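Good morning, and thank you for joining. Please take a moment with the sequence and the structure before I begin.

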Amino acid sequence: AYSAANAAGISITVKNLKSAGYIGLTLDVMKKFGMQVPDYSDFSSFYFAGEVKKNTSKEIIYTIESDWSGTAFLLVAGAVAGHINISGLDLESQQPDKAIIEVLKSCGANILYKNDSLEISKSNLKSFHFDATDCPDLFPPLAALATCCEGISSIKGVHRLLHKESNRAHAIQQELKKMGIDMYVENDEMIIKGGSQIQQAIIETHGDHRIAMMCSIVALVANGETMIQHAEVVGKSFPDFFKILQSLGAVISNA
């Protein structure tokens, strides 16, 4: 919600704040472009002067950050299926989905940061428990990770999944169960039992790019060929996703 206080500025009041990290990311970009942004102790209310004062005394060179949301799938692929080296990631980023590193470390993934790149390789993984309320786009890669972790993992924040490109709570369960995964939702948590043999299956993406990528990662360790219908939906956020998987050694063909 917002209200224009007067011609000199605007005040913004945030109701029912979700994904606070993206507000922090926005404010950080504004600062890097020379705007005078106060240091807010919380993100409940904001005030911006009508006349934006920018530091124009020098040239601004800004490098757009790599996307942690898409990268999360590749990091999980490395942890469950084989070695991956990814460069260009900002480990100081305020993107909420950077939390994938925290989860991978907690479940015992082999991660090495060297020469401005992240290296991750296959390892024996243990179950994890993570609250994804503020980073709901991590649910699909985290669900893929949980299928390969020994034991029972839980991901909190299911209510954030109802109004994405699909009802992701339903789509994740429906497609992973096709692949032989024992899982269910209880209250606001998704419970996934990992460590069992993953079955080949025919997958429907539900028109959701992240469901397509999730099932592709799980398919890397399935017991046979997995067919993903309408896989082209990855184009919304990661058009080269399958080309990259193929370059890393995955066997991919167009049916």
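Is Asp-134 buried, partly exposed or exposed? The model in front of you is a predicted one, and in it Asp-134 has a relative accessible area of 42%, so this residue counts as partly exposed. Asp-134 sits in the loop that runs between β7, residues 129-131, and α4, residues 139-147. Together with Asp-131, Glu-186 and Glu-189, Asp-134 makes up a negative surface patch. Residues enter such a patch with over 30% relative accessible area and no salt bridge, and the 42% of Asp-134 satisfies the first of these conditions.

Allow me to step back to the chain as a whole. The chain contains 7 helices and 12 strands. Along the principal axes, its C-alpha atoms fill a box of roughly 65 × 40 × 35 Å. Of its 255 residues, 43% count as buried. The accessible surface comes to about 13400 Å², and carbon and sulfur atoms hold 50% of that area. Turning to contacts with a separation of 6 or more, 65% of them involve residues 24 or more positions apart.

As to charge, there are 22 positive and 28 negative side chains. The centres of these two sets lie 2 Å apart. The count of salt bridges comes to 10, and I should like to discuss several of them.

I begin with helix α1. Lys-32 and Asp-28 meet through their side chains in a salt bridge, at 3.2 Å from N to O. Why is this pairing a local one along the helix? The two residues are 4 apart in α1, residues 20-32, and therefore about one helical turn separates them. Lys-32 is partly exposed, at 42% relative accessibility.

Lys-31 has a salt bridge with Asp-39, and the closest N and O atoms of that pair are 2.7 Å apart. The two partners differ in exposure class: Lys-31 is partly exposed, with a relative accessible area of 37%, whereas Asp-39 is exposed, with 70%.

Next comes the pair formed by Lys-236 and Glu-165, whose closest N and O atoms are 2.6 Å apart. This salt bridge links distant parts of the chain, the two residues being 71 apart. Lys-236 belongs to the loop between β12 and α7, and Glu-165 to the loop between β8, residues 151-156, and α5, residues 168-178. Lys-236 is exposed, with a relative accessible area of 59%, while Glu-165 is partly exposed at 31% relative accessibility. Which residues are joined with this pair through shared salt-bridge partners? The network consists of Asp-137, Lys-164, Glu-165, Arg-168, Asp-208, Arg-210 and Lys-236.

I turn now to the backbone. Most residues other than glycine have a negative phi. Two histidines deserve mention in that light. Phi of His-206 is near 60 degrees, a positive value, and phi of His-230 is likewise near 60 degrees. His-206 is placed in the loop between β11, residues 202-204, and α6, residues 209-219. His-230 is found in the loop between β12, residues 227-229, and α7, residues 241-247. Both count as partly exposed: the relative accessible area is 24% for His-206 and 46% for His-230.

Two further residues concern sequence distance and spatial distance. Ile-12 lies in strand β2, residues 9-13, and is partly exposed at 28% relative accessibility. Ile-12 and Phe-46 are 34 residues apart in sequence, with 5.0 Å between their C-alpha atoms.

Pro-141, in helix α4, offers a second example. Pro-141 and Lys-178 are 37 residues apart in sequence, with 17 Å from C-alpha to C-alpha. Is Pro-141 buried or exposed? Its relative accessible area is 0%, and because buried means under 20%, Pro-141 is classed as buried. Leaving aside residues up to four places away in sequence, Pro-141 touches Ala-72, Phe-73 and Val-76.

To close, I return to the residue with which I opened. Asp-134 is partly exposed and contributes to a negative surface patch, whereas Pro-141, in helix α4, is buried. Thank you for your attention.

Notes
Residues numbered from 1 in each chain as written. Predicted model: local features only at pLDDT ≥ 70, side-chain atom pairs only at ≥ 80, totals over all residues. Heavy atoms only, no water. Patch = residues over 30% accessible without salt bridge, like charges linked within 9 Å, V, L, I, M, F, W, Y side chains within 5 Å. Areas by Shrake-Rupley, 256 points an atom, 1.4 Å probe, with all protein chains shown as cover. Salt bridge = Lys/Arg side-chain N within 4 Å of Asp/Glu carboxyl O. Lys, Arg positive; Asp, Glu negative; His and termini not counted. Charge placed at Lys NZ, Arg CZ, Asp CG, Glu CD. Buried < 20%, exposed > 50% of the residue type's maximum accessible area, 1.4 Å probe, protein only. Contact = heavy atoms within 4.5 Å.
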